[in-house]
Amino acid sequence: MNTRGLLDQLLKSGQDMLQNKAGGQGKSNDKGALSGLLGGGGLGGLLGGAGGGALAAGAMGLLLGNKKARKFGGKALTYGGLAALGVIAYKAYGNWQAQQASAPQGEPQTIDRLPPAQVEQHSQGILKALVAAAKADGHVDERERALIEGEFTKLDNDQELQHWLHAELNKPLDPADVARTASTPEMAAEMYIASVMLVDEENFMEKSYLDELARQLKLEPGLKLELEKQVRLNT
């Protein structure tokens, strides 16, 4: 299963969505209005018609639901896609190490500093975290799961990836299941950053999910706070 390219497109499309909203879409939180942008006109047209950018925006728009696109932007995402997550995680992890004498030392091995095989492993974990975070407010019903799967199918015809996505969308929300994917502390940090970007922390259900995910990821309290700080500074 190859998720790196797909995830990179999704994250970059999130940045484009924010920029276009800021440039004229306004700050409407109306879900129907966002869904209306996913066709041939509106946002889809701005992102390249029938090209990959428009399809990625369609998939990301459905994952974002009704109010979350605003968080995919800012200084760090000028690096684009997966590299942005690595930049944020590297900065947060480095700051935390400097503050804690007992923290593991050495250069953080974040996704922007890894060989391809490990980048793919991290990508799968981050995509799993994004799909789970999208379900945290309960907005992904049966109809929307079908729509999301349809957009992903148009974006990538990898059968293995489609089966994986179907399973992830349909399984019960379980922070412990998400956290088990993280094989390194840096990977856990990246998955948490992606989740923080996607959830609305003012929503009780989503904030509760985020807190439990951090616990299951075994993030040290200081690192958790530093990751959240870097997301606020860079998005």
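**Notes on a loop lysine, a helix and a cavity**

1. Let's start in a loop: Lys 218 sits between α11 (204–216) and α12 (221–234). Please keep in mind as you read on that this is a predicted model.

2. The backbone at Lys 218 deserves a look, as its phi is positive, at about 60°, although the residue is not a glycine. Is Lys 218 buried or exposed? With a relative accessible area of 70%, Lys 218 is exposed, because anything over 50% counts as such.

3. Next, helix α10, which covers residues 185–198. Its 14 residues reach 20 Å from the first C-alpha to the last, and this is close to the 20 Å expected at 1.5 Å a residue.

4. The surroundings of α10 are worth a moment too. Of its 14 residues, 13 are buried, so the helix is largely enclosed by the rest of the structure. Buried here means under 20% relative accessible area.

5. Now for the empty space inside. There are two cavities of 30 Å³ or more in the structure, and the largest has a volume of about 60 Å³. Which elements give two or more residues to the lining of the largest cavity? They are α6 (116–134) and α9 (175–179).

6. You may like to display that lining yourself: it consists of Lys 128, Ala 132, Lys 135, Glu 168, Lys 171, Pro 172, Leu 173, Asp 174, Asp 177 and Val 178. Sorted by class, six of the lining residues are charged and four are nonpolar, with no polar residue in the set.

Terms used: Residues numbered from 1 in each chain as written. Predicted model: local features only at pLDDT ≥ 70, side-chain atom pairs only at ≥ 80, totals over all residues. Heavy atoms only, no water. 1 Å grid on protein atoms, 1.4 Å probe; cavity = no way out; pocket = protein on both sides within 12 Å on 5 of 7 lines; lining within 4 Å. Points joined across faces, edges and corners; volume = space filled by probe spheres on them. Helix = DSSP H or I, 4+ residues; strand = E, 2+ residues; numbered from the N terminus. Nonpolar A, V, L, I, M, F, W, Y, C, P; charged D, E, K, R; others polar. Expected span 1.5 Å × (residues − 1). Buried < 20%, exposed > 50% of the residue type's maximum accessible area, 1.4 Å probe, protein only.
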